[in-house]
Amino acid sequence: MTFPPWSYFVGSAVFHYLGPSFAVLLFSRVAPLGVAGLRIWSAVLVFLLWRRWRRPWRTFNRGTWRTITLWGAVLALMNASFYLAIARLPLATVAAIEFLPVIGLAALGMRTPRNLTALAAAVAGVYLLTDVRLEGEPLGFVFAFANAGLFALYVVVAHRAAQSDAGGIDGLAMAMLVATVFVLPIGGVQAVPVLTDPVALAAGIGVGISSSVIPYVCDQLAMARLSRATYALMVALLPATATVVGLVVLRQVPVPTELAGIGLVIAGVSLHRGER
């Protein structure tokens with residue numbers, strides 16, 4: 001059975017913040033960089049099984065390895081800055097900031113009046129979501145904007161990989177292995193206490209599967225079928241998803257302005273028609 005491309009993105013959007021919302025609950029036991037390390041290492045355990053069976057490296061050339069290495073580095077730094085941000089700011093705020101650089105990616109590919117209107121609606125919705133939650137530690141915003149820039153780079157690199165020999169689950173598995181090399185010096189020390197805490201270790205593994213395995217696999221399946229501009233516009237759903245997840249899991253109740261923002265984002269994505 002073949003699913004429409006947007007369905008893969010919806011799966012990615014739900015788990016993109018469902019896992020991090022559980023990670024926030026872990027911060028009382030593990031420091032943010034330790035959680036970032038756990039997320040990547042537990043995902044690698046899953047991908048190692050795929051790698052052992054598939055052995056994808058046999059078909060990779062030098063250009064493929066360059067893309068995978070960059071992809072892995074971006075994943076490691078993006079995850080680290082993301083967790084440092086949500087440790088200091090509401091999840092919805094980080095999600096809204098994360099979308100800002102992606103607006104440019106979406107705008108570059110918009111050619112029809114309908115899609116430009118869709119983009120405007122999505123941007124207005126994200127503005128409302130951002131405007132009502134500009135509160136928290138200043139350092140949190142530094143990490144949030146760093147994460148936003150890295151997320152935009154992730155969209156570019158992962159989309160390029162998805163439409164080449166470097167993409168798919170094979171390429172993702174190898175990129176995640178590369179990410180472990182970069183994240184080890186970042187989160188290794190902070191993750192050590194988890195080794196003696198079975199509850200935190202199990203929770204960390206759950207965060208890795210729900211944050212790095214399911215959404216990144218869905219991303220590859222979606223990116224292989226969507227233009228970069230279309231995918232970038234769909235990223236507008238992430239702040240709305242984060243608001244809903246923040247309500248359900250973290251009890252971060254949205255105000256009416258946020259609900260209006262969510263409505264505009266959904267309207268913009270619904271109005272958009274894919275371009276190639």
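Here are four short exercises with worked solutions on a predicted model.

**Exercise 1. The overall picture**

Work out which secondary structure elements the chain has, and what share of its residues is buried.

*Solution.* Start with the elements: the chain has eleven helices and zero strands. Reading from the N terminus gives α-α-α-α-α-α-α-α-α-α-α. Next, turn to burial: of the 276 residues, 55% are buried. Then look at the contacts between residues at least 6 apart in sequence, where 91% join residues at least 24 apart. Finish with the surface: the accessible area of the chain is about 11,800 Å², and carbon and sulfur atoms account for 68% of that.

**Exercise 2. The surroundings of A152**

Find the helix that holds A152, decide whether A152 is buried or exposed, and list its contacts beyond four places in sequence.

*Solution.* First, locate the residue: A152 sits in helix α6, which covers residues 138–162. Second, check its relative accessible area, which is 12%. Buried means under 20%, so A152 is buried. Third, set aside the neighbours within four places in sequence; A152 then touches P101, V102 and L105. Finally, compare sequence with space: A152 and A232 are 80 residues apart along the chain, while their C-alpha atoms are 8.6 Å apart.

**Exercise 3. Aromatic rings**

Classify the ring pairs F82–Y83 and F151–Y154, and say which residues a cluster of ring pairs links.

*Solution.* Begin with the count: the structure holds three aromatic pairs. One of them is F82 with Y83, whose centres are 5.6 Å apart and whose planes meet at 75°. Planes over 60 degrees apart count as edge-to-face, so that is the class of F82–Y83. Both partners are buried, F82 at 3% relative accessibility and Y83 at 0%.

Now take F151 and Y154: here the ring centres are 5.9 Å apart and the planes are at 25°, so the pair is stacked. Their positions in the helix fit into the picture too: F151 and Y154 are three residues apart in helix α6, which means a separation of about one helical turn. F151 and Y154 are both buried. To complete the answer, ring pairs join F151, Y154 and Y216 into a cluster.

**Exercise 4. A patch on the surface**

Identify the residues of the nonpolar surface patch of about 340 Å², then place V253.

*Solution.* The patch is made by V244, L247, V248 and V253. For V253, look between α10 (237–250) and α11 (256–271): V253 lies in the loop there. Last, judge its exposure: exposed means over 50%, so V253, with a relative accessible area of 57%, is exposed.

Notes
Residues numbered from 1 in each chain as written. Predicted model: local features only at pLDDT ≥ 70, side-chain atom pairs only at ≥ 80, totals over all residues. Heavy atoms only, no water. Patch = residues over 30% accessible without salt bridge, like charges linked within 9 Å, V, L, I, M, F, W, Y side chains within 5 Å. Areas by Shrake-Rupley, 256 points an atom, 1.4 Å probe, with all protein chains shown as cover. Salt bridge = Lys/Arg side-chain N within 4 Å of Asp/Glu carboxyl O. Helix = DSSP H or I, 4+ residues; strand = E, 2+ residues; numbered from the N terminus. Buried < 20%, exposed > 50% of the residue type's maximum accessible area, 1.4 Å probe, protein only. Contact = heavy atoms within 4.5 Å. Phe/Tyr/Trp six-rings, centres within 6.5 Å; stacked < 30°, edge-to-face > 60°.
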